[in-house]
Structure formats: C-alpha cells, structure tokens
Amino acid sequence: MAKQTSKKQKGIEETLWEAANKLRGSIEPGEYKHVVLSLIFLKYASDTFERQRRRLAAEGKEQYLDRVEFYTKDNVFYLEPECRWQYIMQNAKQTDIAAKIDTALHNIEKSNSSLRGALPDNYFSRLNLEISKLASLLDEINNNIDTLANESQDIVGRVYEYFLKQFSIAEKNMKGEFYTPKCIVNLIAEMIEPYKGIIYDPCCGTGGMFVQSVKFVEAHRGDKKDIAIYGQEQIATTYKLAKMNLAIRGISADLGNKPADSFAKDQHPDLKADYIMANPPFNLKAWRGEDELIDDPRWSGYDVPPASNANYGWILHMVSKLSENGVAGFLLANGALNDADTLNIRKKLIENDLIEAIITLPRDTFYSTDISVTLWVINKNKKERQINTPQRIRNLKDRSGKILFVDLRTWGSEYEKKYIQLTEDEITKVSTTYHSWQENHAYRDVPEFCYVAGLDLVKANDYSLTPSRYIEFVDRDSGIDFDKEMRRMQVEFSELLKVEQAARKELIQAFKELGYELE
C-alpha cells in the first residue's frame, strides 16, 4: 500500500512539472519557476485559510470570520475575498487573470507581516503570459494539489521541493545554486544535531537547510519551538522563494529585512549561533574589492581572506558567528582543503583546534556542478561535556587535538541516470561513526572510510585537510602476477581481433553481392 501512495505522489509532482514546462517559449526558463511556485503558495494559503474559516464557524465564532488575528494566531495567512483560490479559478480564463493573481499576492503580503518582501510584485502582468497556458497551469494545480488531503505526507512541501530540484537541474549552466540536495542536508543535520538553540545560514538559498532542520527535530521527538532560525540571502528572487518555502511549512525565520550580501551587509551582526548549516557558492570570485573589508572583525586574529576566492571568507564569517559551544556543518569545494593561498588561515584554524571533521562527498551529487565537494564540521568546544537530546544524554569525550577524516567518494547510488545521492543507510553509517567517535563508543579507523588524525600528523602533512592523506587505502595490486595477467589479456585480445577480421570479411562480401565495392 505504501508503494502505491509513493507512486501517486510522484505522479502529482511530475504532472505539475510537465504543466510548468508548457510555459517554455512564453518566458525564460529562469523566470517560470517563480510563476509556478507562487501559484502553489497561493493555493496553499487559500486552502489553510478556508479550513480555519470553517473551524471558526463550527465553534460559533462567525463574528470573527474576518478578523485577521483569528487566523494569524494559528499561523494561518488571512486572505481577502479577491485573494482566495476559488476567486482565482472563477476568473482563470479571463484576459486579466495575470493582474488578478498579482493583486492577490500583493494583498496577501500586505495583510501578513511575516511575508513582507516574500511574494512577487506585479510579476505575472509583466511577463505577458499566454492566457491559455496560464489557465492550463492553474487547472493542473487546482486538480492535483489538495494541501489538506494528507498533511503528514507534506504534499505541498514535497511538490515545492521537487520543483526546486528540477529547476536547479534545468538551470545547471545558469547559476542554479539555490538548491542543496536533500540527502546532503540530512547528513549535516544528523551529524550536528540541531535540537535546541539558534540555527543560522549566511547564504540560505531557498531555505532547505532550515526545512530539514525542523524535520530532524520533529523526527527525533524534539520541539521545533526550541529552535530559532536566522538566515540571509543575497539574490532577491531566491530570497522570495525562501520566504515562501518557509511559510508553506509554517516555519518562522528572520532572514533580514531584505536580500543582502552577508559579507558587505551582515544583517545579523551580533548573532551567536548554536548551529550553522550552509552551502556557500563554491569558489566565489571578486567577493570583495582588494581594499575592502581589510579590517573586518570577522577575521580578527587571521589573515584577510583573498579577494580572489571567498571560501575562507565564508569559513571565518561562520566561525565568528558561533557561540562558545557552537558547531557548524558546511560545504566547500575540495580545493579549500589544500589551497596554498590560504595556508596561514587554515594553519591557524587547525592550531586553534576548531576543525572537528572533514568528509569528502561523492562526485555528481549536486545539480549545479560536478566538482568534488567536502563537508566541513567546525566545533568551538571539542572538550569533554554533556549534551541533552530529546532521546538521550550524550557524554562527549575530549577530542582536543584530533580531526576525523571520512572518504565517501565511492558511496551513493545513481538516480536520474547521472546524479548520485547518499542512501538513508549510508547517512546513518556516517553520522553513527561521527557520534561514536565523539562518545568513544566502539569507534575504530576503517581503511578506505575513516581515520582520526592528531594535530601533529596534520602539521607533518603541511596542514593539508585532504582525507586521502590520512585514511589508509588498501593496495589491491601488490599480489597480482602481472606477467600472467598480460598473457591472459593477450590471448583474449587476439581472439577479439580474429572475430573483428571475420566480421569485416563478411561485410565486404555482402556489399560485393549487392554490386558495390568497399574501399
């Protein structure tokens, strides 16, 4: 039965994606994601509003049906009559439907302060969409998304996430950096365990890190009220997607008053986070002017990160944001592990004993790039201490002066023919290994998988953080009789050549019989 449910949901997602693709040709691919996701949000907001309205009526509170506070108190957006899905569908075939959708989105944002800056402004009218294509898309959403059908399965969230992934794939060569694969976000959450406190993402994209953090807390019997979410996003359209994505899930977050660059305009300057989860843009160039941010307090005690690459700018920014017991899990291109231009910064981070774990991920995990990527874990307090989780008390041993290296380059399973994702079992194995080491429970170094290195060994390797420098790899070639293997291959190759020659003669003869000569 479960398999049938999964198949049905997949059909909904794919059906809507096909409907969205019909917009191709009418508008640029980079634009139509905002059309589709805005409409999905509008349907969600309307469905939840109508349900709250029915509840109030059932409780005999008809006099409060149009009081905004009776909706917002339960995290429901209040909608004026012209903002409701029923009104949109009644006018779906009208020539001014784009203007009506714009008006609905504008009024919803105006009536709900938590959505300020989140929804497109006069967007549909400016695109000049074909009425028939827009009406068709509205019909597909109306017929296929019932946001109240089974909230435990988060159908709207699933569709939204599916679309973000598909848009990221479609925009691979168009800076499709706003989506981090869910398996990677899950791995970070399982490792750093954001149960209670402040969670921060300085380049939050569409908010995927926050969504999975909340799911992690709920899956482990925690209370999402125990976490506070802060983030920042520079790209205006992505900032809007993030606010919509979080609103759909009922997640409160402070993403700053507007989209802004975390380096040039830090909107949370005094923030100290207990958890940081991030996927910064890889190898970002010209992130600051040569003479800019030279005396910035975020790199106090370190060299100024080079203007040619932001990788270590992101690292130091996040280190500056951690509380005294804070932990950060973030992604960087592999080049940051051994970059000569940032050796002094890396050396200081290692000597300050901030780096706890380095995990090399499989290639082709990301939709927007095929470069190798590493997960870094930085911990401000590697000393012995106790952590209370909803499930148990964790007694962490003193890990001072040690770094866990993990190599996952050959892990993962293929999907959609060209991408790799870590399985749930693999994520569990990695996080269990990490926590076992933290607690000293049955941890052991495993060839071709993991190794714990002391700082003296890291220093002896010129402060390189490349896992293959430390993890033992099995020599599978030393016992091979190469002379014997070459003779075997010689025989096989000779046989292949004979077969090829025979086939060639047959082909030439066949053409001769037809009256043609092959040169």
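**Chatting through a predicted model**

Biologist: What phi does Gly-250 take, just after H11?
Modeller: A positive one, about 70 degrees, and Gly-250 comes just after H11. Helices here are DSSP runs of H or I with at least four residues, strands are E runs of at least two, and both are numbered from the N terminus. Bear in mind that this is a predicted model, where local features need pLDDT of at least 70, side-chain atom pairs count only at pLDDT 80 or more, and totals for chains, interfaces and linings use all residues. Residues are numbered from 1 along each chain as its sequence is written, and side-chain values use heavy atoms, leaving out hydrogens and water.

Biologist: Back to H11. Is it enclosed or open, and why?
Modeller: Largely enclosed by the rest of the structure, because eleven of its 14 residues are buried (under 20% relative accessible area with a 1.4 Å probe, protein chains only; exposed is over 50%, partly exposed in between). Among the buried ones are Tyr-239, Lys-243, Asn-245 and Arg-249.

Biologist: What span should H11 have, and what does the model give?
Modeller: H11 covers residues 236-249 and should span 20 Å, and its end C-alpha atoms sit 21 Å apart, which agrees. The expected span is 1.5 Å times one less than the number of residues.

Biologist: New topic: which residues touch the most other members in the largest nonpolar core?
Modeller: Phe-41, Phe-124, Leu-138 and Phe-163, out of 54 residues. The largest share of that core, eleven residues, comes from helix H2, residues 29-58. A second, separate core has 50 residues, including Tyr-239 from H11, plus Leu-361, Leu-422 and Ile-427. A core joins buried Ala, Val, Leu, Ile, Met, Phe, Trp, Tyr and Cys through side-chain atoms within 4.5 Å.

Biologist: What is Phe-124 in contact with, skipping neighbours within four places in sequence?
Modeller: Val-35, Ser-38, Leu-39, Ala-98, Ile-101, Asp-102, Leu-105, Leu-129 and Leu-134, with contact meaning heavy atoms within 4.5 Å.

Biologist: Which residues have a positive phi although they are not glycine?
Modeller: Asn-75 is one of them, at about 55 degrees, and Asn-122 is another, also at about 55 degrees. Most residues other than glycine have a negative phi.

Biologist: Where are they, and are they buried or exposed?
Modeller: Asn-75 is in the loop between H3 (69-72) and H4 (85-90), and it counts as exposed because its relative accessibility is 54%. Asn-122 lies in the loop between H5 (97-111) and H6 (123-127); at 38% relative accessibility, Asn-122 counts as partly exposed.

Biologist: And Thr-374, buried or exposed?
Modeller: Buried, with a relative accessible area of 0%. Thr-374 sits in strand E6, residues 373-379, and its contacts beyond four places in sequence include Phe-330, Asn-334 and Ile-358.
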